Amino acid sequence: MGIAAAEFESVAEVEIGVPDRLRQLNDDISGAIDRAYQALVQITNGERSIGAGTIWHPAGLILTNAHVVRDETPNVTLNDGRSFPAQVLYYNAELDLAALNIEATDLPTIEPGDSKELKPGEWVMALGHPWGIRNAVSGGIVIGMGAEMPDIPFSSREWVVVSLHMRPGHSGGPLIDTAGRLVGINTMISGPDVGVAIPVHVVKKFLKDSMA
Amino acid sequence: MTVLNELSNAMANAVETVGASLVRVEGRKRMSATGVVWNSDGVIVTASHVVTRDEELHIGLPNGETVTASLVGRDPTTDVAVLRTDAKNLSVPHWAGGDGLKVGHLVLALGRPGQNVLATLGVVSSIAEEWHTPAGGKIDYYLQTDVTMYPGFSGGPLVGVGGEIYGINSSTLLRGVSVTIPTTTIAPIVETLLKHGKLRRGYLGVGSQPVRLPAALEQQLGQETGLLLVAVEPNSPAEKGGLMLGDVIVALDGHPVRVPDELLAGLTGEKVGKDAKLKLVRGGQLLELNVTVGERQ
């Protein structure tokens with residue numbers, strides 16, 4: 001005999017003695033993620049290679065990694081389900097950054113944080129579509145800033161190195177801080193437990209240099 | 001401020017505070033590792049396995065300076081090495097015992113394999129009783145975490161969210177798990193190494209291998225194996241005490257001896273010069289011998 005779902009109380013109704021502050025902690029995490037989700041997009045090239053992207057400007061500017069963009073007109077799917085063919089505005093393989101434009105307005109964005117002020121030990125979260133699983137989140141802390149981590153390729157560049165599980169499909173998605181601010185663009189993995197993101201101040205410079 | 005923000009700041013502050021006491025240890029061909037300031041006299045604690053040479057050691061200080069260091073001594077059995085530098089004004093961190101630390105607590109592992117402090121987060125996976133490492137070292141309590149030991153993190157501290165140090169992390173004491181050598185184990189080792197330059201270890205002068213005991217003895221002693229002596233060095237404490245080739249050691253001072261590591265672990269420094277009671281099987285009979293333990297050179 002089956003058990004009706006109605007016989008179970010929802011988690012929120014069960015008193016399991018969790019201190020209020022820990023409930024608050026969970027709410028803080030989900031709140032930051034909920035806001036950031038709105039600016040997370042999917043990028044596809046034809047039938048294959050699902051990557052992520054981050055809405056940068058309400059008027060349709062999308063940021064992603066250069067390695068996510070394989071077609072001249074990649075397809076961008078927003079979190080509300082709408083899908084758009086995108087135009088590649090700027091592309092820099094060396095920085096592994098690309099800016100796309102879609103014909104849309106009033107898009108939700110994530111407030112940029114100060115990636116120069118990120119410190120080892122700070123909590124961060126990566127959003128993306130690992131292995132094609134949509135809107136997944138992983139959390140961890142900043143291991144270090146800069147390019148000092150052993151075994152990291154392109155060590156002459158600036159990176160945010162994080163101890164969380166980044167997988168194919170995270171690329172181009174947002175890395176956010178505890179306040180839900182954008183601090184980096186997820187870019188690659190270095191070993192199973194090290195994620196690497198491009199700091200948002202490098203992204204800003206890329207856009208500024210490209211526009212000039 | 002949100003609770004998440006508070007937690008995040010607390011962790012970053014702990015990294016910053018303890019980071020002021022972390023040094024880079026250049027003591028092997030492969031990449032550098034990490035050490036922690038022990039006291040204001042320039043004494044540094046690190047993992048023994050990251051210091052593969054005894055000379056030409058260098059320490060990278062938090063201020064970016066690189067200074068020379070000398071090896072005070074090492075204990076490979078617990079993977080602890082002690083170095084000394086002439087550097088003054090090093091920041092001494094808060095070394096803590098394990099009281100109050102519980103399975104599930106958040107902990108940080110820190111490293112300084114390069115110029116900057118690196119951090120990673122995990123939880124305490126297991127706390128258990130005193131144990132002996134495979135190399136025979138005695139560790140006050142077993143402390144395992146799920147922190148990822150990145151290259152160069154060995155010798156670095158396990159840090160609580162309040163910035164207290166519970167010990168130093170080793171990636172080689174047990175393969176495949178992150179084990180911490182507790183502060184309470186490190187302290188007497190550092191003291192002994194500073195005083196004597198080495199740890200005393202007991203010595204018998206035997207070569208041995210485990211053998212299965214006859215069924216009757218197995219039942220009587222409650223152990224499956226003993227140590228068959230396959231070599232007894234001339235003039236060794238073992239020979240002087242009357243041990244012979246073919247004897248099978250089954251206990252040392254009341255503790256069962258089933259494998260060579262248990263004999264090694266039992267021959268601690270404080271037994272040097274004293275009589276140890278060996279229980280053994282000779283010609284099918286159990287017998288006890290007193291052997292004066294020597295010192296391993």
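Two residues are taken to be in contact if their C-beta atoms, placed from the backbone, lie within 7 Å. The structure is a predicted model, in which local features need pLDDT of at least 70 and side-chain atom pairs count only at pLDDT 80 or more, while totals for chains, interfaces and linings use all residues. Residues are numbered from 1 along each chain as its sequence is written, and chains are lettered from A and ligands numbered from 1 in the order in which they are written.

By this criterion, 23 residues of chain A are in contact with 25 residues of chain B. On the side of chain A that touches chain B, helix 1 and strand 9 (136-145) of chain A each supply at least two residues. Helix 1 of chain A gives the largest share, five residues. (Helices, H or I of at least four residues, and strands, E of at least two, are DSSP runs numbered from the N terminus.) This side of chain A divides into nine nonpolar, seven polar and seven charged residues. Ala, Val, Leu, Ile, Met, Phe, Trp, Tyr, Cys and Pro count as nonpolar, Asp, Glu, Lys and Arg as charged, and the others, Gly among them, as polar.

In helix 1 of chain A, the buried residues (20 or more other C-beta atoms within 10 Å of the residue's own C-beta, placed from the backbone; exposed, 12 or fewer; partly exposed, in between) are D28(A), A32(A) and A36(A). They lie on the same side of helix 1 of chain A because they cover an arc of only 50° around the axis, the arc being that of the directions from the helix axis to the C-beta atoms. D20(A), R23(A), N26(A), S30(A) and D34(A) are exposed on the other side of helix 1 of chain A. The buried residues of helix 1 of chain A pack against strand 1 (40-45), strand 8 (123-128) and strand 11 (174-176) of chain A, together with helix 1 (3-19) of chain B.
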